[in-house]
Structure formats: structure tokens, C-alpha cells
Amino acid sequence: MPAPKKTARRSLLVTSAVLSSLALAVPAAVASPSPSPSPSGSPSASPSATPPASMSTVGGARLGQPGTQVNLASGVPVLPKDVSARSWIVADAESGDVLAAHNAHWRLAPASTMKMLFADTLLPKFPRTSKHKVVPSDLAGIGSGSSLVGIKEDETYTVHDLWLGVFLRSGNDAVHVLSAMNDGVDNTVKEMNEHAEELQALDTHVVSPDGYDAEGQVSSAYDLTLIARSGLQKKDFREYCSTVRAKFPGQTKKGKKGKPVRESFEIQNTNRLLSGDADLPVYQGIAGVKNGNTTNAGATFTGVAERGGKVLLVTVMNPEKQEHNEVYKETARLFDWGFKAAGKVQPVGELVPPKSAAQASGRPGVHPSGEAGGSGSGAGSTAGTGSKPVASAPAADGSSGIGIALGITGGVLVLLAGGAFLVNRRWPLPDLVRRRTRP
């Protein structure tokens, strides 16, 4: 596909405050969600070891071909050789250009990256200040070995608390409580599938809203990237997926004088490009999105990062290498390549707009509101966005800022304050929530 002409774009404005003499220590115990076993007795949804000979061509014919698709030419950097993932994609988040891909439409088990679709579907439905008291039925049906944030029966949580649990700890318990608030798991799955179809994420079939291994539950690197791009339209989605750590409500206990006391505990984002690990530095410019890991899916990850005014989305699914944090390491290599190749490489396809965007304008990719398209259930509305940027201060509940992205520059931790997520000529993206420089 020939490269479309570029139009003027607003770059992601970045301000930084250097935090000297600060180390980011990450306990090994929170390095990533524990892999979830496949449900007992259910057939494995694992695909064959090789991709199908023909796959979906949504976004361009080359994206339906097996193997690596890239237009190498003079001045274009060579792709990294040490990428072992079954499927991956590198895309420009603002223009929608797919810079390179490998088995982009291979339908694979997504693990907790499916929570991006869950969030994109349900976030607009409940005000973040709404409260919900958990009853036993809310937590029914959570798969054995699931990653949990630690929700307790008979305790009350705000919607804000629950979304922090979904994004930071990949908590299947938080997903099930929110699903219960949304008329149950079955209804939530139905709405997620409808929203996937609206986004033209046609490789995706939802069986469990939390991404737990289930027969027939699949997505693709292409679809996960579409879903992430839609989610990033929403201010709350951007905030939650880029928050590094936060305080989460604990269990109510009797205090010294017999009065009930409810303390909190810290949770940390399991996205290791955002929070770092002993063998992995924080990726410069990273701002989300979501990781996953189950027995059937292996490790999966979709990330968004900004550097030099360019914003890229990278999805990596199931690296064959079994090294620690391999999915993040391969993502980082693809990000590095993408930032070097952007503006030089001819795209091999594009991220398509939602169905409603194309229908509303009569031509692909233009949506009059600049919001993510959605189903009639309200899944397509954008929470918290408006015509004016929103100034944000640190959250009162102790979360580490509103949508804070951490980056490493010259070995010194840098706090990235927000800016604008640019304008896509085919599908406008609203401004990122603006964040004041933190002391």
C-alpha cells in the first residue's frame, strides 16, 4: 500500500521534571500476573504452531499474509532479528499507518490484553465516584489461578477503585464485580463482542471478559492494537493504563477502640515497561497500555509510547523465547525500530476506523465527534472528554498521579507530564488529559 500523504499534526507536548537519586525498586513478586491455567476439562484453544495460509485482510491485503511484512528500502533500518513472537505489529497511533507486522491477523489467545476491550466497552457506563458493595455472587466464576487485586465480600468500593484493580493488578475479581454491575458476565461478553465488531476487530471473539483462557476466546495483534487505539480516546482509560502505582482499599477491621478501620495497601502496575524490573528499565516515553499472561496464551502485551513527537502502538503475542520479561524486551526492540523507521518506511497497511466513523462521514476514517465508535448500548461514548483540556492533580486516594508515564533519560528517572495525543487525519484522537508538573 503506498504511503498516504501526511498532514500537519500536533506533536505530543512533553514536559519533564528530573527526580534525582531515585531508584525504582520492583519486587519480583509483582513482576507480572500469574499465568492462569486453562479451565479444567475444556479443550485447549491453542492454535497450530504455524499461522493459517490466509487470514483477514482488514487494513490491507499484506496484513493477511503469513510471515513478516515490511517495506525495507534505502534509509529504512533493518528489523530486529531477536523477536520470537508468534505475532506482532508496529503502528503509528495518530495516522493509523502499520509500519511493519508479523502474522498480524493470526487469531491467538489474548490473555488479559482482552481487558482493554472490557474497559473500552464499560468505562463510559459508571461514574468513577459511584460505589458498590460486593456480594458473593459478584465474585462467582472467577477462574482458578486468576490474577486478583484482593476484593473482599461485603466491602464497598468505588468504580475508580475497581478500574485501578483492573488496569494495575489485572484483577479478574475487579472485572467480575464490574461485570456484575453491568447486568452480569453474559451481558458484558455480549456487549464486548458487539463493540469489537463496531471497531472492526473481526478476529476477536470474547468468551470471558477478563481474558481467562476459554475455548474459542481469540484476538489478534491487529485487533488488540485497534482496541487500544479506541481505548486511548477515553480520558479515564489513558489515566488508568499509565498509572504506575496506587492505594487500594483493604478489608475493614476493628481498631484499638473497637471502631471499624479500613486501611489501604499499595498496588503496582504489572506492565513492566511502565514500572520497570530488575532486568528491565522503564521504557522512555511509555504511557500504557495492557499486558497479559496465561498458560494458553503465553505472554501478550500492547503498549503505547511517545518519542520525538511520534506516538507508536506495538502489540506482541506469545514470544517463543521463555526468558524473563521477554514480551517486554521484544516490545522495546520493536518500539526502538519503529521510532527510527517512522517517516522513512512505506506502510504495509492501516488501522481502520470504527464502522460508525466511516458510515457517518461517507468515507473511511472520519468521525464527526472525534470519539471512539460504539454500540447502541453506550459503549462508544467517551468518558470525561470535552472540548477543553482537563487539568489534573494527583489523585486523593494516593495513586501516583493522573496518567503518569515514567521514562528513563540518561539513567535518571523522568516524570513525563501530559500533552496532546495528536490528530489523526482518518480518525481524530482527542487531547490527552493535561497533567501539571508534579513537585
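In this predicted model, R245 has a relative accessible area of 22% and counts as partly exposed, because the buried class covers values under 20%. The side chain of R245 forms a salt bridge with the side chain of E266, at 3.7 Å from N to O. R245 belongs to strand β7 and E266 to strand β8, so this contact ties together parts of the chain that are 21 residues apart in sequence. E266 is also partly exposed, with a relative accessible area of 46%.

The two strands that carry this pair are themselves joined. Strand β7 covers residues 245-254 and strand β8 covers residues 260-268; they run antiparallel and are connected by 8 bridges. Together they make a hairpin, with 5 residues between the strands. G258 sits in the turn and has a positive phi of about 85°. Within the pairing, K253 stands opposite V261 of β8. In a regular strand, side chains alternate between the two faces of the sheet.

Salt bridges also occur elsewhere in the model. The whole structure contains 13 of them. One of these joins the side chains of E239 and R128, at 3.0 Å from N to O. E239 is part of helix α6 (residues 235-242), while R128 lies in the loop between α1 (115-122) and β5 (131-133), so the contact ties together parts that are 111 residues apart in sequence. What is the relative accessibility of E239, and is this residue buried or exposed? The value for E239 is 2%, so the residue counts as buried. Its partner R128 is partly exposed, with a relative accessible area of 25%.

A further salt bridge links the side chains of R307 and D336, at 3.7 Å from N to O. This pair connects distant parts of the chain: R307 is in strand β10 (residues 298-307) and D336 is in helix α8 (residues 326-341), 29 residues apart. R307 has a relative accessible area of 27% and is partly exposed. D336, at 30% relative accessibility, likewise counts as partly exposed.

One group of salt bridges goes beyond a single pair. Which residues are joined into one network by salt bridges that share partners? They are R128, K235, D236 and E239. This network includes the E239 and R128 side chains, which meet in the salt bridge at 3.0 Å described above.

Methods:
Residues are numbered from 1 along each chain as its sequence is written. This is a predicted model: local features need pLDDT of at least 70, side-chain atom pairs count only at pLDDT 80 or more; totals for chains, interfaces and linings use all residues. Side-chain values use heavy atoms; hydrogens and water are left out. Two strands pair if DSSP finds at least two bridges between them. Helices (H or I, at least four residues) and strands (E, at least two) are DSSP runs, numbered from the N terminus. A salt bridge is a side-chain nitrogen of Lys or Arg within 4 Å of a carboxyl oxygen of Asp or Glu. Buried means under 20% relative accessible area, exposed over 50%, partly exposed in between (1.4 Å probe, protein chains only).
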